[in-house]
Structures are given as structure tokens and as C-alpha cells.
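Got the viewer open? Let's take a short tour of some charged pairs, one selection at a time.

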Amino acid sequence: MFVKNSFLIKGSFLRYFSSSSSSSVLKIGDVLRQRRTFSDEDVSEYSKVSHDVNPLHFDSESARAAGFEDRLVHGLLVASLFPRIISSHFPGAIYVSQSLNFRSPIYIGDETVGEVEAISIKQSKKRYIAKLSTKCFKNGRLLVIDGEAMAILPTLAMEQVNAYAGTELH
């Protein structure tokens with residue numbers, strides 16, 4: 001796998017290409033990744049917006065009584081990595097659908113990697129319809145979420161992720 005433009009910035013955004021071309025055009029098999037560790041503040045802020053106040057997210061005793069190691073990060077907060085990855089590289093992209101399978105919990109402080117892989121691309125007028133495999137892993141390579149997404153992309157040319165977004169690009 002060809003790795004392009006390696007530099008490190010806080011937040012970890014990784015981009016991998018399946019071909020040796022230096023082009024920054026999305027192709028089938030290309031994988032975009034972002035690394036994130038969700039904090040107590042992230043869970044609290046997400047809860048304010050979503051109004052999801054399930055005690056599994058806020059009370060360790062409740063979470064342990066339900067069979068978990070500790071407080072959980074909201075699954076949809078973790079899944080929000082997918083549209084962020086897409087919109088970071090394709091401003092103006094329209095997220096059309098997302099299927100999700102929650103395989104394992106993510107706890108506050110777990111390092112999480114979101115991954116989006118292009119599995120089909122079709123041109124429709126001046127836009128592109130991309131079918132994407134979506135996965136999240138924690139603490140190494142334990143699969144915690146998988147699914148598929150569809151997005152309408154304005155172009156296949158990938159934009160560089162800026163430092164303000166708190167990312168690293170490979």
C-alpha cells in the first residue's frame with residue numbers, strides 16, 4: 001500500500017491509497033482513517049445535543065451493573081467519525097445513508113480509529129455516488145462498529161486536511 005505525505009499533527013488523520021499513483025483522486029479500494037480518543041467532555045456535550053441521558057454513559061455503577069467495564073461512549077458519537085472523514089476530504093459531500101452494526105462497546109479514553117473505504121463509485125451528471133465500507137476499531141484492531149454508507153461527492157479530487165482540523169495525514 002502506498003503511503004503519501006507523512007507528517008504528524010494532534011488528532012490523527014490517516015489517508016492510505018491502494019495504488020502507487022501520486023494522484024489525490026478517490027479510487028475504489030482507497031481507505032481514509034481518522035484516530036480519536038473520546039473524552040468525558042465529548043460524551044457530556046453529545047448528550048446535551050442528543051438528549052440521550054442514559055445512565056450507562058454517566059454512571060460507572062450503572063454501566064458495570066449492566067455488564068460493561070465502565071461508562072460507554074454513545075455509539076452514534078463514535079459513528080460520527082464517518083461523515084467527518086468524508087466531509088474533511090470532500091467539502092460539500094452529501095451523506096445519503098448509513099447502516100451500522102455495533103459489535104463491541106467503546107469506553108471513555110479508548111483510542112478509536114474510524115475507517116472509510118471506497119467500494120464503488122458511479123458518476124451521475126456532475127457528481128459521484130460513492131458506496132463506502134465504514135468501520136471503527138478500538139485500542140489496536142478490535143472491530144467495534146461496521147457498516148456501509150452512501151455519499152454524493154461533488155468531485156473525486158480529495159482535498160488536503162488542514163491542521164486546524166487537528167489531523168495527521170499519511
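Start by selecting D40, which counts as partly exposed at 42% relative accessibility. Keep in mind that this is a predicted model. D40 sits in helix α1, residues 40-50.

Now add R71 to your selection. The two form a salt bridge, with the closest N and O atoms 2.3 Å apart. R71 belongs to the loop between α2 (60-65) and α3 (75-79), so this pair links distant parts of the chain, 31 residues apart. Is R71 buried or exposed? R71 is buried, because its relative accessible area of 16% falls under the 20% cut-off.

Next stop: D146 and R103. Their closest N and O atoms are 3.1 Å apart, and they form a salt bridge. You'll find D146 in strand β8 (residues 142-153) and R103 in the loop between β5 (101-102) and β6 (111-124), so the pair ties together parts that are 43 residues apart in sequence. D146 is buried too, with a relative accessible area of 14%.

Now move on to E115, in strand β6. Which residue does E115 form a salt bridge with? Select R141: the closest N and O atoms of this pair are 3.8 Å apart. R141 lies in the loop between β7 (127-138) and β8, 26 residues from E115. E115 counts as buried at 7% relative accessibility, whereas R141 is exposed, at 52%.

Before you leave, add R33 to the selection. R33, E115 and R141 are linked in a network of salt bridges.

Want to keep exploring? A search of the whole structure finds eleven salt bridges, including the pairs D40 and R71, D146 and R103, and E115 and R141.

Key
Residues are numbered from 1 along each chain as its sequence is written. This is a predicted model: local features need pLDDT of at least 70, side-chain atom pairs count only at pLDDT 80 or more; totals for chains, interfaces and linings use all residues. Side-chain values use heavy atoms; hydrogens and water are left out. A salt bridge is a side-chain nitrogen of Lys or Arg within 4 Å of a carboxyl oxygen of Asp or Glu. Helices (H or I, at least four residues) and strands (E, at least two) are DSSP runs, numbered from the N terminus. Buried means under 20% relative accessible area, exposed over 50%, partly exposed in between (1.4 Å probe, protein chains only).
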